[in-house]
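Please open the structure in a viewer and keep the selection panel at hand. The tour below moves from one selection to the next and says what is found at each stop.

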Amino acid sequence: GWPSVIGAVLSVVMIVLLGRELLDAGPEGLSRAAPDSPWFYVAFAALYMVGPTGDFLIFRYLWGIPWAGFVALHKKRIANDLVLGYSGEAYFYAWARARANLVAAPFGAVKDVSLLSAIAGNGATIILCAAALPVGYHLIPPGILNVVVGSVVIALALSVLLILFSKRVFSLPRQQLWIVFLLHCGSIAAGALMLALAWHLALSAVPAGMWLFLLAVRLLVFRLPLIPNKELLFATVAILLIGPDEALSDLIAFVAVLTVAVHLALVLAFAGAAGLPGLRRGRH
């Protein structure tokens with residue numbers, strides 16, 4: 001349908017822009033952008049696993065989902081990134097509903113987990129923006145700065161409204177809501193730590209204040225609804241803000257393109273596994 005088409009078009013445009021950033025000097029440009037430290041790739045792998053692992057812990061706690069659910073949660077994350085925001089939640093809801101032995105009515109839990117993720121993400125965005133703006137406000141054009149402040153205010157307002165009307169909005173018991181919220185907070189903190197570590201391992205000379213500013217920008221971009229490939233969008237925005245810092249721009253572009261490459265590799269791996277008769281019988 002049209003969401004997939006729009007998501008694909010936007011993703012291709014951003015990949016072209018980032019590819020030009022990486023390949024402006026030919027293959028040497030890509031080689032220059034790729035970090036030499038093997039620990040960077042270890043940190044990147046940990047970063048990539050944080051989101052699905054956090055979701056798995058949440059739904060393992062709520063439903064006791066089997067390890068096969070880990071694959072479904074990877075597909076959920078990839079759908080959100082490559083197709084359109086929240087398309088992954090729709091996929092995971094369909095996956096859960098097809099397995100009545102897990103939960104009779106999965107919609108309420110999927111909705112609550114998604115809303116709590118938004119609240120935790122909004123809170124982290126507000127905290128990081130408050131910490132990072134004094135460091136990097138001079139990099140943001142005045143018009144964009146107003147947009148950033150407005151986005152933070154909207155995020156805060158939405159979170160407050162969800163909390164005020166929590167009894168009408170949420171379906172899960174209060175204790176479960178708190179545990180899910182704390183797991184989301186832990187996942188966000190772990191992801192930020194792994195990303196900052198990966199950046200530092202690649203470019204140790206960059207000051208911590210710049211990484212803090214870029215983490216805040218990334219979280220702010222990731223709060224945008226219904227946008228595919230937010231990692232690519234973040235890289236595009238970050239490069240515009242950073243300007244002529246070639247090494248830093250190349251690193252941000254490289255991480256974004258590497259994320260998409262891993263997404264596509266997993267899509268092919270999942271498709272190949274689904275085509276193997278033995279594996280299909282094993283899942284049933």
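A residue counts as buried when its relative accessible area is under 20%, and as exposed when that area is over 50%. Select Phe56 to begin: its relative accessible area is 5%, so Phe56 is buried. The model on display is a predicted one.

**The whole chain**

Zoom out and show the protein as a cartoon. There are 13 helices and zero strands. Of the 284 residues, 42% count as buried. Contacts between residues at least 6 apart in sequence may be displayed next; 71% of them join residues at least 24 apart.

**Helix α3**

Select residues 38–63, which form helix α3. This helix has 26 residues and reaches 37 Å from its first C-alpha to its last, close to the expected 38 Å. At its start, pick Ser37, a side-chain oxygen of which comes to within 3.2 Å of the backbone nitrogen of Trp39. Moving along the helix, stop at Val50, where α3 bends by about 35 degrees. A proline, Pro52, follows Val50 within four residues. Just after the helix, select Gly64, whose phi is positive, at about 70 degrees.

**Aromatic rings**

Display the side chains of Phe, Tyr and Trp. How many aromatic pairs does the count come to? The count comes to 13 aromatic pairs. One of them joins Phe56 and Trp67: the ring centres are 4.7 Å apart and the planes lie at 25 degrees, which is under the 30 degrees that limits stacking, so the pair is stacked. Phe56 belongs to helix α3, whereas Trp67 lies in the loop between α3 and α4, and the two are 11 residues apart. Is Trp67 buried or exposed? Trp67 has a relative accessibility of 61% and therefore counts as exposed, while Phe56, at 5%, is buried.

Next, select Phe59, Trp63, Phe92 and Trp95 together; ring pairs link these residues into a cluster.

**Tyr48, Arg77 and His74**

Select Tyr48 and Arg77. Arg77 lies over the face of Tyr48, at 4.2 Å from the ring centre. Then add His74, which is found in helix α4. His74 has a relative accessible area of 6% and is therefore buried. Leaving aside neighbours within four places in sequence, which residues does His74 contact? They are Tyr48, Met49, Pro52, Leu266 and Phe270. Two residues already visited thus return here, as Tyr48 and Pro52 are among the contacts of His74.

**Val169 and helix α8**

Move to Val169 in helix α8 (residues 166–169). With a relative accessible area of 23%, Val169 is partly exposed. Draw a distance between the C-alpha atoms of Val169 and Asp112: they are separated by 8.1 Å, although the residues are 57 apart along the chain. Neighbours within four places in sequence aside, Val169 is in contact with Lys111, Asp112, Leu115 and Leu162.

**Helix α9**

Select residues 174–202, helix α9. It has 29 residues and reaches 42 Å from its first C-alpha to its last, close to the 42 Å expected. Colour its buried residues, which include Leu177, Val180, His184, Ser187 and Gly191. Leu195 and Trp199 are also among the buried residues of α9, and each is met again below. In an α-helix there are 3.6 residues a turn, so residues three or four places apart point the same way.

**Arg218 in helix α10**

Select Arg218, placed in helix α10 (residues 208–222). Its relative accessible area is 14%, so Arg218 is buried. The Arg218 side chain makes a polar contact of 2.8 Å with the side chain of Glu231. Add Phe222 to the view: the charged end of Arg218 sits over this ring, 4.5 Å from its centre. Beyond its neighbours within four places in sequence, Arg218 is in contact with Leu195, Glu231 and Phe234.

**Ile252 in helix α12**

The last stop is Ile252, in helix α12 (residues 246–274). Its relative accessible area is 2%, so Ile252 is buried. Ile252 and Ile239 are 13 residues apart in sequence, and their C-alpha atoms are 7.5 Å apart in space. Show what surrounds Ile252: aside from neighbours within four places in sequence, it is in contact with Trp199, Leu214, Phe234, Ala235, Ala238 and Ile242. Phe234 therefore appears in two views, as a contact of Arg218 and as a contact of Ile252.

Methods
Residues are numbered from 1 along each chain as its sequence is written. This is a predicted model: local features need pLDDT of at least 70, side-chain atom pairs count only at pLDDT 80 or more; totals for chains, interfaces and linings use all residues. Side-chain values use heavy atoms; hydrogens and water are left out. The expected span of a helix is 1.5 Å times one less than its number of residues. The bend at a residue is the angle between axes fitted to the seven residues ending there and the seven starting there. A polar contact is a pair of N or O atoms within 3.5 Å; within protein, one must be able to donate a hydrogen and the other to accept it, and residues adjacent in sequence count only if both atoms are side-chain atoms. Buried means under 20% relative accessible area, exposed over 50%, partly exposed in between (1.4 Å probe, protein chains only). Contact means heavy atoms within 4.5 Å. Rings of Phe, Tyr and Trp (its six-membered ring) pair if their centres lie within 6.5 Å; planes under 30 degrees apart count as stacked, over 60 as edge-to-face and the rest as tilted. A charge sits over a ring if NZ of Lys or CZ of Arg is within 6 Å of the ring centre and within 35 degrees of the ring normal.
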